[in-house]
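User: Please take a close look at how one pair of helices packs in this model. I would like the geometry, the contacting residues and their classes.

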Amino acid sequence: MTVPETMLAIDPEAPGGPEVLIPVRRPVPVPGEGEVLIKVAAAGINRPEVMQRMGLYPPPAGAPSILGMEAAGKIVAVGGDVPPEMIGQPVCALVTGGAYAEYVVAPLGQCLSVPAALSMVEAAAMPETLFTVWTNVFERAYAADGDWILVHGGTSGIGTMTIALARLFHLTVLVTAGSDAKCEAARKLGAADAINYKTEDFVERVKDITGGRGVDVVLDMIGGDYLPRNLQCLAEEGRHVSIAVQRGAEAKIPIWEVMRKRLVLTGSTLRPRDTAFKSLVADELIRTVWPHVEQGRLKPVIDSTFPLAQAAEAHRRMESGEHIGKIVLAIG
């Protein structure tokens, strides 16, 4: 396949508002050992990319300055140690950066094949949320059949993926959301119940819904003053997993509550983890989750799509908080 020397990409020269997201010409990256070059058909939009654009979340060392952490498309070139027959294969991939572009390099171990059941837009919306929810809910919080889980931001990409995986793996999901309409949307997607955090006390509602028992897992992207309130929602032996800190990176923890209920507090960040770890996660997803994708039983919720030239509008949509599910750039 013929690969051009340059491509269009979103690579802001300085932090700023959505208006800095202007397509520019950049060299097409070259795949190294164990890497593939993907001609991007679509790229998912994620909140960390909004934070990076604002100058609040610098990319890990060695990551491209071009925005974007997940993409889908066809492999058009391969680096060393990658079989040449991979060229032409449709894949989606988790990357540390570079997805808002016509071409992106990805480690082969972080690629998942795109089955006929998925469109490229749907495939591009899968990797970041799927890797994040799987590693935190099922590995760090070891959620198991019959567990109850509370997830904040129930109609976000993370929230909707949690609901979808819960349906497949027999978890009962409660969510919080910021409007009655979003709560209703979450219920339609499969949440057992949804709590409007603007009009209801989610701690009291969780206790009411669970008959005072509480939930087994809290997946929290809010942080700050939510953390001690989350602990009140946990049942005995409950697990609290922090994945973001939208309301602040510090909180007061009621230690006696942790001791009395034998709680586990953990958390993680996915983007800085090395390729070896992410490849292990990808292998586990291929074995346990991807068969459901191939059968059409697991798909992301797509809120909206934008062309690459309208990346600024895509970020404005995310910052508005009005989206339900994933926002995607359609590039190819």
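Analyst: Axes here are lines fitted to C-alpha atoms, for helices over the stretch in contact, and angles run from 0 to 180 degrees between N-to-C directions. Helices are DSSP runs of H or I with at least four residues, numbered from the N terminus, and strands are runs of E with at least two. The model is predicted: local features need pLDDT of at least 70, side-chain atom pairs count only at pLDDT 80 or more, and totals for chains, interfaces and linings use all residues. Residues are numbered from 1 along each chain as its sequence is written, and side-chain values use heavy atoms, with hydrogens and water left out.

The pair is helix H6 (residues 202-209) and helix H7 (residues 226-233), whose axes are 9 Å apart and meet at an angle of about 15 degrees. H6 is therefore roughly parallel to H7, a label for angles under 35 degrees (over 145 is roughly antiparallel, 65 to 115 roughly perpendicular, the rest oblique). On the H6 side, the contact is made by Phe202, Val203, Val206 and Lys207; on the H7 side, by Tyr226, Arg229, Asn230, Gln232 and Cys233. Contact means heavy atoms within 4.5 Å.

By class, the contact of H6 with H7 has five nonpolar, two polar and two charged residues. Ala, Val, Leu, Ile, Met, Phe, Trp, Tyr, Cys and Pro count as nonpolar, Asp, Glu, Lys and Arg as charged, and the others, Gly among them, as polar.

The crossing of H6 past H7 is right-handed, that is, the near helix is turned clockwise from the far one by less than a right angle, whereas anticlockwise would be left-handed.

Before H6 comes strand S10 (residues 193-196), which holds alanine 194. Alanine 194 and arginine 205 are 9.4 Å apart in space, C-alpha to C-alpha, and 11 residues apart in sequence.
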